[in-house]
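User: Could you take a close look at the part of this model that holds its disulfide, and follow the neighbouring strands and side-chain pairs from there? I would like one connected account that also places that part beside the other side-chain links of the chain.

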Amino acid sequence: MSTPPPPHPAHQQAPGPYPQGPGPYGQPVGPYGQPAGPYAQPQPAPGAYQPGPGAYRQAPYPQAPAPYPQAPAPYPGGGPAAGCQVCGAAPAAPVTVRGHQGMLVVMRFLRRQGVFCHPCALAFFRDMQADTLIMGWWGPLSVFITPVTLLANLGALSGIRRIPAPVAPGPRPPLDPGKPVFRRPAGILALVPLALLGLLVLAVTALAVIGLVTGPSDGGSDDGTGTGSSGVVLTAGSCARNEASWPAQDLKPVDCGSPDARYRVIDPKSGSCASGDYAAYTRYSDDGTSFCLRPLKG
């Protein structure tokens, strides 16, 4: 039996409790199986702290969200703590402006509602009021609805005037209120229907007053069958003539000795006229009683 050859001197293993094998490519290896040489990395001593994989690579903790934006403080005198919905300026207050548009058969009811500052609210009021003055009259019902809408907007205007001027500007510029309503072309043209409506109201009022002062007309019969003389009053025992054709009556008082006398006025005691007599209308008496007209012979 042959004896194996001794190992090469370059591959001699250092004596120790854990004999190490040769490294790759003939390189010597150090303790714990790491290659020895100029490129070998130093190893920590046994028992030292070794960071685990992924150490110091954790994502940062999430940041707390930003606080909610605070609403602006209310304007002096009280009111909602909110900015204008158009420009964001403060102070602002709830405002409702209405409009109306008549279109012969149909109609439209318009409304602008929200929280606005003074310039933006005044701009909405002037635009809506001017448009209503021009387009609100063109319908049978719109003639009556438009004045009510215009008066309601005057109440909204009083609330707009109580909103102070903006003290905290918003991120956007406020609306331009523009010229007052009656300095715009629409407001000037609207004076025409307003003047006509005023004349109509004055005419109806004048007719009603005249009717109350003068009372019912005596120019016609009560039942529509004829006409009579205005202001004629008959008394029992007097005589009269009829200048109209029966059954219409146009009685005139005459002297009983005159040849023009045709009827004698009789006061009916029983409440009805005798046979052959005619009934006179009550408008010819002072107290509203009825008379009978008895034909005169001759």
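Analyst: What follows begins with the disulfide and then moves outward to the other pairs and contacts.

The model is a predicted one, and the account below should be read with that in mind. The structure holds one disulfide, formed by C239 and C256, whose sulfur atoms lie 2.0 Å apart. The torsion about the S-S bond is 105°, and the link of C239 and C256 is right-handed. The disulfide joins distant parts of the chain, with C239 in strand β3 (residues 239-242) and C256 in the loop between β4 (251-254) and β5, 17 residues apart. The two ends differ in their cover: C239 is buried at a relative accessible area of 1%, whereas C256, at 33%, is partly exposed.

From C239 the path leads to L296, which touches C239 as well as A261, R262, Y263 and R264, when residues up to four places away in sequence are not counted. L296 is found in the segment after β7 (291-295), and it is partly exposed, with a relative accessible area of 29%. The separation along the chain is clear for one of these partners: L296 and A261 are 35 residues apart in sequence, yet their C-alpha atoms are 7.5 Å apart in space.

Y263, another residue touched by L296, takes part in one of the two aromatic pairs that a search of the whole structure finds. Y263 and Y278 form an edge-to-face pair, with 5.9 Å from centre to centre and 85° between the planes. This pair also links distant parts of the chain, since Y263 is in strand β5 (residues 263-266) and Y278 in strand β6 (residues 278-280), 15 residues apart. Here too the cover is uneven, for Y263 is buried at 12% relative accessible area, while Y278 counts as partly exposed at 34%.

Two salt bridges belong to this stretch of the chain, out of a count of three. R294 forms one with D277, the closest N and O atoms being 3.2 Å apart. Because R294 lies in strand β7 and D277 in the loop between β5 and β6, this pair ties together parts that are 17 residues apart in sequence. R294 counts as partly exposed at 39% relative accessibility, but D277, at 16%, counts as buried. The side chains of R241 and E243 meet in another salt bridge, at 2.5 Å from N to O; in this case R241 is partly exposed at 25%, and E243 is likewise partly exposed, at 45%.

Elsewhere in the chain, the remaining links can be set beside this part. The side chains of D127 and R184 meet in a salt bridge of 2.9 Å, N to O. D127 lies in helix α1 and R184 in the loop between α2 (142-161) and α3 (185-189), so the pair ties together parts that are 57 residues apart in sequence. D127 is partly exposed at 39%, whereas R184 counts as buried at 15%. Helix α1 (residues 118-135) also holds Q129, which is buried at a relative accessible area of 7% and is in contact with L150, N153, L154 and V181, leaving aside its neighbours within four places in sequence.

The other aromatic pair, that of F116 and F124, is tilted, at 4.9 Å centre to centre with 55° between the planes. F116 is buried, with a relative accessible area of 2%, and F124 is buried as well, at 15%.

Cysteines in other positions give a useful contrast with the disulfide. The sulfur of C84 has its closest cysteine sulfur in C120, 3.8 Å away, and this is too far for a bond. The sulfur of C120 lies 3.6 Å from the closest cysteine sulfur, in C117, which is also too far for a bond. C84 counts as buried at 5% relative accessibility, and C120 counts as buried at 0%.

Finally, on the surface, M103, L104, V105, V106 and W138 make a nonpolar patch of about 560 Å². V106, one of its members, is found in strand β2 (residues 106-116) and is partly exposed, with a relative accessible area of 48%.

Technical notes. Residues numbered from 1 in each chain as written. Predicted model: local features only at pLDDT ≥ 70, side-chain atom pairs only at ≥ 80, totals over all residues. Heavy atoms only, no water. Phe/Tyr/Trp six-rings, centres within 6.5 Å; stacked < 30°, edge-to-face > 60°. Buried < 20%, exposed > 50% of the residue type's maximum accessible area, 1.4 Å probe, protein only. Helix = DSSP H or I, 4+ residues; strand = E, 2+ residues; numbered from the N terminus. Disulfide = S-S within 2.5 Å. Patch = residues over 30% accessible without salt bridge, like charges linked within 9 Å, V, L, I, M, F, W, Y side chains within 5 Å. Areas by Shrake-Rupley, 256 points an atom, 1.4 Å probe, with all protein chains shown as cover. Salt bridge = Lys/Arg side-chain N within 4 Å of Asp/Glu carboxyl O. Contact = heavy atoms within 4.5 Å.
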